[in-house]
Every structure is written in C-alpha cells, then in structure tokens.
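Subject: Structure for your inspection, with notes

Dear colleague,

Please find the structure below, followed by my notes on what was found in it. I would be grateful if you could read the two side by side.

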Amino acid sequence: MLKILQTLDRRWIFLAMFLAVAIPLIMGMTFPEKTSDQVMAVFNAVENLPDGSNVVMALDYDPASEGELQPMASAFTRHCALKKHNIYFMTLWPQGGPMIQRSTDLLENDYPETYKGKYGSKYVNLGFRAGNEGVIKLVVEDLKKSYDTDVQGTNLNDIPLTKNLKNIQQVDLLCNVSAGYPGSKEWVLYGSAPFDIPTVIGCTGVQAPIMLPYIPQQLTGMLAAIKGAAEYEQAIINRYPELNDNPAAKEGLKRMGPQLVAHVLLIGLIALGNVIYFWERKQGTA
Amino acid sequence: MKQSTLIWTLLMVFGGLSLIAIQLFRDKGEVYVREVPVEGKSSLPEAQEQTYRWSTYKQVSEKEKGKPGVSFSLSRTLGLWVAAFCTLAIFSFLYGDNPLYKFTEAVFVGVSAAYAMVVAFWTEIVTNLFAKLLPGYARMSFLPDISEDVQSDLLYLIPLVLSVLLLWRLAPKGTWIARWPLAFFIGATAGIRLISYLEADFIGQIQNTIMPFIVFSADGSLLWIQSLRNTIVIVGVTSCMVYFFFSIEHEGVVKYISRLGIWFLMVTFGASFAYTVMGRIALLSGRLDFLFNNWLGI
C-alpha cells in the first residue's frame, strides 16, 4: 500500500481535492459559525454608527480574487444598506469597476426603498483612479484634488453626497476590501494611522497575517479570508434574522462547507505524506 | 498508451460528455434579461432641454423565463459559455500543460492588460490630465459636466512633461532622458513611504507592543486569557528580535531565546501557509460555484 502511495500520480490528489470542494458545494453543506471578537469588532463598527452615516467603501480587488472577497464586499454593502448609510464607492484597481457594480446592483435591487434611483444622494461611485498610495494620500487630505468627477463624469460639486465633502477624514467609517497592493496596508499607512480614520478591512488569507499587527490601534477590525466573511454574515443574520431566508446573504457561509472538507483532506494528506516520509527513512530510501 | 494516461483520458472524455448531456437535457446555461427603461435629461445649461430614453438590461433568474418583459440574451449567454470554457481550459493544466491552457492564459493576460490600459486612459489621461489642462475642450468633447468656472491648471504641465520624458525610453537615441522622471518618481515614492512606514510600522508597532503582562478587569479580577495573549505577544516579539540580532554570538541564554524566536517564526509561517491554503480553496470553490450554479444550474 505504502509503495503505491509512494508513486501515486499527483492528479489523483487534484481529483480528490475537486471532489472535496465540489460535493459539499452541490449538496449545499453549511455549518453554523461562531463569530470571533475580531469579526464582532467589524460588525460593531458598522452597526454602532447612527443610521445614515457616511461610509467609504474602497473595493481594491479584481475578478481573480472574487471567489474569496466578493462575499465580504457584499456583506459590507448589505450591512451598510440595512443601516441606511450613505456609501462612497472607490477602487485603486483598474479591474475594480465591475466589482463596485456588483455592490451598487445589490443596493438598487435588494434595498430599493433606500437606494433605488438615489444615486448621488445615498450612494456614489467614484470609480478607479490610478496612482496607488498617491491617491490615498490625496483623498485623505483633499478629495477633489484626486477625483474631479464620479465614474459617470459628473462633477463632484454637482453631486449632493460629495458637494461638501472635503476629504475622507470627514467620513464616519472606512471599509476596505483588498486583494493585495494597493489595498489594506496602504489604507492603514496613509489613511487610518496618520489621520485616525476609523477603518475596518476584509482581506485575502495571504494578507491576513501581515495586517494582524495593526489591530486594534491602527485598525478597528479585520475579516480574514472566507472564514471572516462567513462569520460576518452570521453576525448580520443574528442581528437581522429576516436575512436567514435570503441565499444571497449567505455566500460566505455556503463556501465554508467545501472549506471544512478540503481542510480535512489536506490535513489527512499532510499526515499521510509524513507517514510515507518516515517509512522511507526507516527503509533507508529517503 | 500508459494505463494512467488511459484512465485520465477516459475520465476527461466522460466529464466532457456529462457536461454536454447536462446542457442538452436540462436546458440550462441560458441567460435571461429584463428590459429596464431609463430616462435622462440633457445637463448642458446652454442646450435646449431634451429628454433621452434608452434601455438597460438586468439579468434575471431562469425562473422568470416567459414572464412579460423577460427575454433571452444571446450575448450574455455567449459570455457565460466563454467564461465556463475559459475556466475549464485553465483547470485543464492540472491534467498537464496543453495548448488550450496556453491559449486561455494568453487571452487572460492580454485582456487584463488592455482593460487596465483603457480604464487608465479614460480615468487618468482624459479626466485627470486633459480636463485639467484644457477644461473647455474637455467639456465640449468628453466631459460635458465640467463646470464653466474651471480654469486651466498649468501645474499639470509638469506631469505631462515627465510622462513624455518617460516615454523617451522607447526612442532609439537619448534613452538617458527617461532617467530624470524615473529619479523623480523613485525619490518622491521613497520619501512618502519613509514617513508612513516610520509612523505606522515602526512607532505604531512599538506602541502596540507596550502592554501589561497581567491584565485585571475593572472589578479587580484577573483576565487570564488577555494576560496570556499579551505575554505571548511580548515574549514572541522579544525572542524574534533576539534571533535577528547578529551583533553578539548566539550562545548561552541568547541561544535559547533566539531558538524560541525560531519557534515563533515557524508558527507564523505555518499560520500564513494555512491562510493561503484557505484562500486558494475559496477561489476554487468560487469557480466551481460559478460552473455548477450559473452555468450548469445544478
């Protein structure tokens, strides 16, 4: 048996991983999530703001990271919509435009009473701006130096939400969803740390260990990878139980079933690999 | 033919036939849209007020097929099939390198680069440079909402000149000219980053590490989890720093502290790797969710 495993074609492992992810996904396996302190800090940051507060939603990711980050972006948007917050969307990634579109569609379709036809007065899409951290440095000091117009080419002075907004320091909360550079780290370095802007982030698993040291002094809270998104969705559902019947509000939770099975498989494979290694060493072939 | 190749070929053929069968018999993989009429008025003050009407199309679920106003969208259906094909073509790399994978990879890279270039042109060159230097022309051509009070900002000639100098690198002679704008960008970026990193990553992180070993609640009881957490942070930071302190030989007590630092580093790398694995599985489940849900309708 061990000899067969020694020469096992790696494609069987790919197939096993495919099945470990696909079967729970097709069966719709979900598990209850217990919300961690870190996720509750993010939830409370949005929830404790008075209704109708101003929130910047910086969505710095592209379709390549959509599988991991879209549930977070949707959860942030949904939570802000439930609180009727005014939302300023922006992105530092060229491919971030369609990602913003998904969130604005969510506002218009799922919360029409607050957001349908309220572009400019309840939400605004500032779109993409090139310049990475240079843009952040500008928007925290003088928004209109970087953004003259919104994504549709309308002057910011003609939009009710941005007319009197001098800079991002005036908003009540900054939510950033990030897949890398430029993203969460830059928002901390040039936004939240020097100007004390209350900031919460959602980031990929790869970024999470880099961002952890900033909590809680420079960051209020963080949603780390799909697990963070699922916990945040659970926290929102706990507070707004009517969302329990809405499958779109459980995108992250839906992805945790495959995560569990795939992790069990991976742990098993690591253990098996070690058994083979020690067996080979005992045989003197390693 | 090798036995493993035969098995894998059969698996691939079986998978492909299953996908076709699902599509043929379940009538899935079609996109339906609902027409949404839009009305707008001209925003130019000098123009005679005109009302413009057009339609946008909102994607709806297949359950709404046949309802009034809902129609089949050929372009979006094609888009769905192309996306599914590209996903499967990229996955085919797991079987082995093949022309289909290479073709899809090249398409992805090309489309991404082109998309970023077009977006940057319209949001930067047009909106941020052209409109700042020549607001009148910008108003007449691409950006009718620019206010008439806006004057030319000649400061923007500096980035324009620097950009042209940067492009000099492509010229057959005088490529050294491109070094001047590069030197400016590197210097400016280094200056901006230095201050921010000092503030957030150096001073800020020292502040974050100054914490009590033992934490008591307001009523005087010991918060042992918080105390343990703080202790781990302080011991971890100190031991890792000792490990990277090479001015003294790692012997005696220092050797044991630096070894503890290695353990902390190993745990950190393990956590990073685990997070990365979680991220990759999330991406895989995202694509499979697209294939099963949006395309196959399972």
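Helices and strands in these notes are DSSP runs numbered from the N terminus, a helix being a run of H or I with at least four residues and a strand a run of E with at least two. What you have is a predicted model, in which local features need pLDDT of at least 70 and side-chain atom pairs count only at pLDDT 80 or more, whereas totals for chains, interfaces and linings use all residues. Residues are numbered from 1 along each chain as its sequence is written, and chains are lettered from A and ligands numbered from 1 in the order in which they are written.

Confidence

The model scores ipTM 0.90 and pTM 0.88. For chain B the mean pLDDT (the predictor's confidence in each residue, from 0 to 100) is 87, and 94% of the residues of this chain reach 70 or more. Among the elements of chain B, the lowest mean pLDDT, 72, belongs to α1(B), and the highest, 93, to helix α7 (residues 224–243) of chain B. Where pLDDT is low, the predicted coordinates should not be read in detail.

Chain A

The secondary structure of chain A comprises 13 helices and six strands, and its C-alpha atoms fill a box of roughly 75 × 40 × 35 Å along the principal axes. Of its 286 residues, 49% count as buried, a residue being buried if 20 or more other C-beta atoms, placed from the backbone, lie within 10 Å of its own, exposed if 12 or fewer do, and partly exposed in between. Taking two residues to be in contact if their C-beta atoms, placed from the backbone, lie within 7 Å, residues 24 or more positions apart account for 73% of the contacts in chain A that have a separation of 6 or more.

The largest nonpolar core (a set of buried Ala, Val, Leu, Ile, Met, Phe, Trp, Tyr and Cys residues joined through C-beta atoms within 7 Å) has 84 residues, and those with the most contacts inside it are A:V56, A:M57, A:Y88 and A:F89. Helix α12 (residues 225–239) of chain A gives the most to this core, with seven residues. A:V56, if residues up to four places away in sequence are not counted, touches A:Y88, A:M90, A:I168, A:V171, A:L174 and A:C175.

A:L253, which lies in helix α13 (residues 251–283) of chain A, counts as buried because 22 other C-beta atoms lie within 10 Å. Not counting residues up to four places away in sequence, A:L253 touches A:T30, A:E33, A:A230, A:E233 and A:Q234.

Backbone details of chain A

Two cis peptide bonds deserve a look. The bond from A:Y181 to A:P182 is cis, with omega near -15 degrees, and A:P182 lies in the loop between β4 (173–178) and α10 (184–195) of chain A. The bond from A:I215 to A:P216 is also cis, with omega near 0 degrees, and A:P216 is in the loop between α11 (208–211) and β6 (221–224) of chain A.

A:K84, although not a glycine, has a positive phi of about 60 degrees; A:K84 is placed in the loop between α4 (66–82) and β2 (86–91) of chain A and is partly exposed, with 15 other C-beta atoms within 10 Å. A:N132, likewise a residue other than glycine, has a positive phi near 50 degrees; A:N132 is in the loop between β3 (123–128) and α7 (133–141) of chain A and counts as partly exposed, with 17 C-beta neighbours inside 10 Å.

Chain B and the interface

The domain assignment of chain B, whose bounds come from an automatic or database assignment, gives domain 1 (32–72) and domain 2 (212–298). The centres of these two domains of chain B, taken over C-alpha atoms, are separated by 52 Å.

Between the chains, 45 residues of chain B are in contact with 48 residues of chain A. The elements that give two or more residues to the chain B side are α1 (3–26), α3 (99–133), α6 (179–209) and α8 (253–295) of chain B, and α8(B) gives the most, with 18 residues. That side divides into 24 nonpolar, 16 polar and five charged residues, where Ala, Val, Leu, Ile, Met, Phe, Trp, Tyr, Cys and Pro count as nonpolar, Asp, Glu, Lys and Arg as charged, and the others, Gly among them, as polar.

B:A282 is found in helix α8 of chain B and is buried, with 28 other C-beta atoms within 10 Å. Leaving aside neighbours within four places in sequence, B:A282 is in contact with A:G67, A:E68, A:A225, A:I226, A:R255 and A:Q259.

With best wishes
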